[in-house]
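Hello,

I am passing on the structure we talked about, with notes on what turned up in it. Please keep it open while you read.

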Amino acid sequence: MTLDQLMDIPGALAAFTYSDKGDLTDHRVREGTEITPQVLDLLAHSCVANMAVATLEARGWENVTGQKGFEPLQGFSMVGLEWSAVVNGRCGVIVKNRDVNYETAFEAIHACAAA
Amino acid sequence: MHIVKQLMAIPGVIAAGEFAYRGDRFSFEGALTAEFARMASILCRSNTMSVNMQSEIFDSFAENCGCRPVQGWIVRGSHATVCNIGNYFAFIENRPELLNDVMTIMRAKIGDLGDDLLMNLYAKIGGDVKEALY
Amino acid sequence: MSLKKLLVMDGVVAVCRFQDDGSVMDSAGMLPPDLIERLAKFSQWYRRMVSGNMDLLSLFSQMRGWSPSQGWIVHGAQVTVCSHGNLVCMVQNGQGSLHDIMTLLAEISHE
């Protein structure tokens, strides 16, 4: 799935890809929002951090409790008051909460990362 | 109906509960032991602190960015997912539409969280929000 | 008084003691007030984050000696920010000893 296709998911305000270290590699932003490439770059870096911490948590949890099913991680989402950021290891999308479909968003970024 | 009970009534919800700001007090229902629930509350606190910090930073670069105040977060695993709104968490199976349903219920029942999330989290269980962590 | 003890150390550019809500209790050094405020807020959040991650590491490793976390260091290209408890210091790299600064930070943070 391309970034332009990511922008078609319900409520999408921005879509972006980033490197392993969190540097922004490509992005799309809907007109009229206050999202800038600078903010997306910060967000991408926080995505890398959040995915790493979530991996620590998933791996640690599975090891200590024996409960499986978390790894390999599919993604992370930060839920704000009006927007949510849905990300995985490579792609992310910012969506409006009133229109959001989390499952569609996670599937879409998975398809984007696989491309 | 209390939110935890409401969530536990949904097929596919493995466990649900609430945690205190300091991660040291919690309540839960479902397929967790008390020890696992304690661990879960420490994980939840850690992620909640992180996303709150991040949203403050984003906000200083783009006011009205729509992420403040932070409401919660989701960790999407391969077959199971953990979602958090405020000081409530839920462990769920990755069944179709379940994540959307759980998030909708949690956001509706808990309502919008205000700016001082820490005050909200701590005050519910009781305690001095100005008290140093250690 | 004790913040000045840190300020006189080689390399230290600014020092700040912050409260649990991220506001500035005391500060000294070369940073303008608005940057000191930002530093204090950032340091308080960072302290919470590191403390949270330390708890996770402690939990999953079952090792003693991690929690409770004491401080953190962010080592930049030319500047380093280091913290112990509710004290934070900005340091110019290549001047002075980070070890000595952290030792003094630890001592003063308990005052």
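The notes below go from the shared sheet to the helices, the interfaces and one residue.

Please keep in mind that this is a predicted model.

**The sheet across chains A and B**

Ten strands make up an open sheet, with antiparallel pairing. Their order is E2(A)-E1(A)-E5(A)-E4(A)-E3(A)-E3(B)-E4(B)-E5(B)-E1(B)-E2(B). Strand E2 of chain A (24–29) and strand E2 of chain B (26–30) are at the edges, and each has a single partner strand, so one side of each has no neighbour in the sheet. On average, neighbouring strands are turned by 10° against each other, with direction ignored. As background, strands of a sheet pair through backbone hydrogen bonds, in a parallel or an antiparallel way.

Where do the two chains join in this sheet? Strand E3 of chain A (residues 75–79) pairs with E3(B) in the antiparallel sense, over five bridges. Within that pairing, Phe76(A) is opposite Val75(B).

You can go on from Val75(B) into chain B. Strand E3 of chain B (residues 72–76) pairs with E4(B), again antiparallel and over five bridges, and a hairpin of three residues connects E3(B) to E4(B). The bridge partner of Val75(B) in E4(B) is Val82(B). Strand E4 of chain B covers residues 80–85 and is mostly covered, with five of its six residues buried.

From E4(B), six bridges lead to strand E5 of chain B (residues 88–93), and the two strands run antiparallel. Val82(B) is opposite Phe91(B) in E5(B). Two residues lie between E4(B) and E5(B) in their hairpin, and Gly86(B) in the turn has a positive phi of about 60°.

E5(B) is also joined by five bridges to strand E1 of chain B (residues 13–19), in an antiparallel arrangement. There, Ala15(B) stands opposite Phe91(B).

**Helix H2 of chain A**

H2(A) packs on the sheet. It touches strands E1 (12–18), E2, E3, E4 (83–87) and E5 (91–96) of chain A, together with E3 of chain B. The direction of H2(A) makes about 115° with that of E2(A).

H2(A) also meets a helix of the other chain. How is such a pair described? Two packed helices are described by the angle and the distance between their axes. The axes of H2 of chain A (residues 37–65) and H2 of chain B (residues 34–61) come within 11 Å and cross at roughly 175°. Angles over 145 degrees count as roughly antiparallel, so H2(A) is roughly antiparallel to H2(B).

The residues that H2(A) brings to this contact include Leu42(A), Leu43(A), Ser46(A) and Asn50(A). Those on the H2(B) side include Leu43(B), Ser50(B), Ile57(B) and Phe58(B). By class, the residues of the contact between H2(A) and H2(B) are nine nonpolar, six polar and one charged.

**The interfaces with chain A**

How many residues does the contact between chains A and B take from each? It takes 33 residues from chain B and 33 residues from chain A. On the chain B side, the elements giving two or more residues are H2, E3, E4 and helix H3 (98–110). H2(B) gives the most, with nine residues. The chain B side divides into 18 nonpolar, eleven polar and four charged residues.

Chain C also touches chain A, and that contact takes four residues from chain C and six residues from chain A. The chain C side has three nonpolar residues, one polar and no charged.

**Chain C by itself**

Chain C has three helices and five strands. From the N terminus, they run α-β-β-α-β-β-β-α. The radius of gyration of chain C is 14 Å, close to the 13 Å that the globule rule gives for 111 residues, so chain C is as compact as a globular protein of that length. Its C-alpha trace spans about 40 × 30 × 30 Å along the principal axes. Of the 111 residues of chain C, 31% count as buried.

**One residue to look at: Met106(B)**

Met106(B) is in helix H3 of chain B. Is Met106(B) buried or exposed? A residue counts as buried if 20 or more other C-beta atoms lie within 10 Å of its own; Met106(B) has 23, so it is buried. Leaving out residues up to four places away in sequence, Met106(B) touches Ile3(B), Cys83(B), Ile85(B), Tyr88(B) and Ala90(B).

Regards

Definitions and conventions: Residues are numbered from 1 along each chain as its sequence is written. Chains are lettered from A and ligands numbered from 1 in the order in which they are written. This is a predicted model: local features need pLDDT of at least 70, side-chain atom pairs count only at pLDDT 80 or more; totals for chains, interfaces and linings use all residues. Axes are lines fitted to C-alpha atoms, for helices over the stretch in contact, and angles run from 0 to 180 degrees between N-to-C directions. Helices (H or I, at least four residues) and strands (E, at least two) are DSSP runs, numbered from the N terminus. Angles under 35 degrees count as roughly parallel, over 145 as roughly antiparallel, 65 to 115 as roughly perpendicular and the rest as oblique. Two residues are in contact if their C-beta atoms, placed from the backbone, lie within 7 Å. Ala, Val, Leu, Ile, Met, Phe, Trp, Tyr, Cys and Pro count as nonpolar, Asp, Glu, Lys and Arg as charged, and the others, Gly among them, as polar. A residue is buried if 20 or more other C-beta atoms lie within 10 Å of its own, exposed if 12 or fewer, and partly exposed in between; C-beta atoms are placed from the backbone. Two strands pair if DSSP finds at least two bridges between them. The radius of gyration is taken over C-alpha atoms; the globule rule is 2.2 Å times the number of residues to the power 0.38.
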